[in-house]
Each structure stands twice: as structure tokens, then as C-alpha cells.
Amino acid sequence: MLSVVEGILILVVISESVFGVLGNGFIALVNCTDCAKNKLSTIGFILTGLAISRIFLIWIIITDGFILIFSPDVYASGNLIEYISYFWVITNQSSIWFATSLSIFYFLKIANFSNYIFLWLKSRINRVLPLLMGFLLISCLLNFAYIAKILNDLKMKNDTVWRLNMYKSEYFIKQILLNLGVIFFFTLSLITSVLLIISLWRHNRQMQSNVTGLRDSITEAHVKAMNVLISFIILFILYFIGIAIEISYFTVPENKLLLIFGMTTTAIYPWGHSFILIRGNSKLKQASLRVLQQLKCCEERKTLRAP
């Protein structure tokens with residue numbers, strides 16, 4: 001039986017999931033529609049891949065969490081834990097990879113540094129994405145092999161219990177090794193985002209001094225971009241905190257509140273960042289305003305038709 005707090009958090013998780021699917025589905029739809037009319041750009045490819053991977057990520061977070069909460073014994077039968085583990089690796093790493101690619105793309109396009117390495121990368125921006133994709137494939141393959149080894153060890157021991165039977169220190173070491181690729185992309189994304197914020201902040205200071213303290217449209221755009229990046233960093237960190245909480249749950253499986261709280265924290269990122277992207281991208285923002293205008297018109301027609 002769930003407590004009141006646990007029930008409230010589950011409702012929050014469900015709401016986050018619904019908003020996440022709607023927001024990311026909208027991003028994917030707008031970019032796919034644009035692709036049908038024109039050639040898909042690099043940023044369009046990244047946003048579409050990010051949105052689709054996040055939709056699957058939300059589903060796997062909810063599915064896995066609800067099974068652990070309501071039917072934990074299901075993990076003891078069949079290959080469910082194996083399927084979920086492999087699917088989690090694909091969706092989680094893909095989502096982080098697209099987010100990292102987006103951060104690097106904006107960093108190389110917008111930032112302004114005189115560093116030789118930065119200028120070299122900026123001139124080869126089209127080669128950076130395939131290189132990152134190579135890292136993603138290598139990371140996924142290594143994770144698949146490592147998961148297969150762990151599951152095979154459990155089968156060899158005839159361990160039919162879904163919980164990992166090992167010492168806490170060994171368990172956390174295995175989780176760190178399993179998420180090395182994700183940690184790499186996460187660190188890379190944070191570094192590029194912070195550097196871009198520094199570049200925008202420096203440029204903003206220069207613009208303010210040039211216009212005697214008055215903000216022009218470019219300065220306001222830079223401030224808006226910094227706010228978007230700071231929000232992204234906060235949500236990204238919350239996502240990893242949520243994953244860490246969910247991982248910790250396996251060491252104290254009787255504490256379901258810990259798992260539900262971890263799910264709630266994890267789900268903030270995929271839905272929250274989607275709406276930040278919609279607000280920060282002019283094409284997505286205009287499309288969302290058109291949708292809202294159409295919904296408003298439909299509502300007005302229904303009001304006029306009502307007796």
C-alpha cells in the first residue's frame with residue numbers, strides 16, 4: 001500500500017511524463033514536417049533525434065519504475081530485466097549523446113574564443129558530429145558486453161532474484177563502469193555549456209560598455225541564451241541526481257519512496273528541457289504560437305456554438 005506522499009509523487013511523475021511526450025513529440029513533428037519541405041539541417045537532425053530518444057527514455061523510466069513499485073516479482077521471471085537493461089542503455093546514451101551534440105554545436109557556432117584548438121574545431125564542425133557518433137557506438141557496445149557479463153554471472157549462480165546480490169561497494173563500482181560513456185558525454189556537455197556561457201557573458205559585458213549601459217536586441221538575445229543554458233545545466237544535473245537516487249534504491253529495495261523520488265527527479269529533465277528548447281528556438285516557438293492560436297480559435301467557435 002502506497003503512502004500519501006508516494007501517491008502524490010507518482011501523480012507528479014505521470015504528469016511529467018505526459019508533458020514530456022507532448023513537448024518532445026511536438027519538437028519531432030515540427031522538424032520532421034520541415035524535413036519534408038526542405039533538406040534536414042544539422043540542428044534539425046540533432047533536435048529530432050533528441051526529441052525521439054527522450055520520448056523512449058520517458059517510457060522506459062516509467063515502465064521500469066512502475067514494475068519495481070507494483071510488481072517487483074516480475075523481474076524474477078523471464079528475461080524482462082535483460083530487455084529493459086539493453087533498452088535503457090540505448091535510450092539513455094542516445095539522449096545524452098544528442099544533448100551533448102546540441103551543446104557542442106551551439107558552442108562552436110556561437111562562442112568566440114581565440115584559442116587555437118577552438119578555432120580548429122570550429123573550422124571542422126561537420127566532422128565533430130560523426131566523431132561523437134563513433135564514441136556513442138563504442139560506448140553502447142561496451143555497455144552491452146558488460147551487461148551481458150553481469151547477467152550471465154547471475155544466471156551461473158542460479159540467482160533468480162531481480163535484485164543484484166553483491167556488496168554495496170561492488171554494486172556502485174559496477175554502476176560507475178556501466179555509465180562511463182554517459183559520464184563522459186555529460187562532462188563534455190557541461191564543459192561546452194559553461195564555456196559558451198562565459199563567452200556570451202564576456203560579449204554581453206562588451207556590448208553594454210559600447211552602448212553606455214543600454215541593452216540592444218543582441219545583448220538581450222545573449223542574456224536569453226545564457227538563461228537557457230543555465231536552465232539546461234540545472235536540469236541536466238538534476239537528471240543525473242535522479243539516476244543516482246534510483247541506483248541507490250537497489251541497495252535499500254524496501255524504501256519505495258526513494259525510488260519514486262528518484263523517478264520524479266529524473267523525469268524533470270526530459271520534459272523541462274523540451275519546453276526550454278521550444279521557447280529558445282524561433283522556429284519551434286513560432287510553430288507553438290500557431291498551435292496555441294488554432295486551439296484558441298477552436299475554443300472560441302465552441303463557445304459561440306454553445307446554446
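## Getting to know an all-helix chain

Lys 285 is partly exposed, with a relative accessible area of 36%. Here buried means under 20% relative accessible area, exposed over 50%, and partly exposed in between, with a 1.4 Å probe and protein chains only. Lys 285 sits in helix H10, and its C-alpha lies 9.5 Å from that of Phe 275, a residue 10 positions away in sequence.

What you see above is a predicted model, in which local features need pLDDT of at least 70 and side-chain atom pairs count only at pLDDT 80 or more, while totals for chains, interfaces and linings use all residues. Residues are numbered from 1 along each chain as its sequence is written, and side-chain values use heavy atoms, with hydrogens and water left out.

### The overall picture

The chain holds 10 helices and zero strands, giving the pattern α-α-α-α-α-α-α-α-α-α along the sequence. Helices (H or I, at least four residues) and strands (E, at least two) are DSSP runs, numbered from the N terminus. Of the 307 residues in the chain, 43% are buried.

Helix H2 covers residues 42–70 and has 29 residues. From first C-alpha to last, H2 reaches 42 Å, close to the 42 Å expected at 1.5 Å a residue; the expected span is 1.5 Å times one less than the number of residues. H2 is mostly covered, with 21 of its 29 residues buried.

### What the record adds

An unreviewed UniProt entry lists "transmembrane region" for residues 6–30, 42–71, 83–108, 128–148, 176–201, 225–245 and 257–278. Such annotations may be inferred rather than shown by experiment, and the positions follow the numbering used here. In the model, residues 83–108 are 100% helix and 0% strand, with end C-alpha atoms 37 Å apart. Residues 257–278 are also 100% helix and 0% strand, and their end C-alpha atoms are 32 Å apart.

### A nonpolar patch on the surface

Which residues form the nonpolar patch on the surface? Leu 11, Ile 14, Val 18, Phe 19, Leu 22 and Phe 275 do, with about 560 Å² of accessible area together. Patches are made of residues with over 30% relative accessible area and no salt bridge; like charges are joined within 9 Å, and nonpolar side chains (Val, Leu, Ile, Met, Phe, Trp, Tyr) within 5 Å. Helix H1 (residues 4–37) gives the most to this patch, with five residues. Leu 11 lies in H1 and is exposed, at 56% relative accessible area.

### A few residues up close

| Residue | Helix | Relative accessible area |
|---|---|---|
| Ser 231 | H8 (residues 217–249) | 28%, partly exposed |
| Lys 283 | H10 (residues 282–305) | 30%, partly exposed |
| Thr 91 | H3 (residues 80–110) | 5%, buried |

Is Thr 91 buried or exposed? Thr 91 counts as buried because its relative accessibility is 5%. Its side chain reaches the backbone oxygen of Trp 88 at 3.2 Å.

Ser 231 and Tyr 269 are 38 residues apart in sequence, and their C-alpha atoms are 9.9 Å apart in space. Lys 283 and Asn 31 are 252 residues apart along the chain, with 9.1 Å between their C-alpha atoms.

Notes. Accessible areas come from the Shrake-Rupley method with a 1.4 Å probe; for residues, only the protein chains shown count as cover. A salt bridge is a side-chain nitrogen of Lys or Arg within 4 Å of a carboxyl oxygen of Asp or Glu. A polar contact is a pair of N or O atoms within 3.5 Å; within protein, one must be able to donate a hydrogen and the other to accept it, and residues adjacent in sequence count only if both atoms are side-chain atoms.
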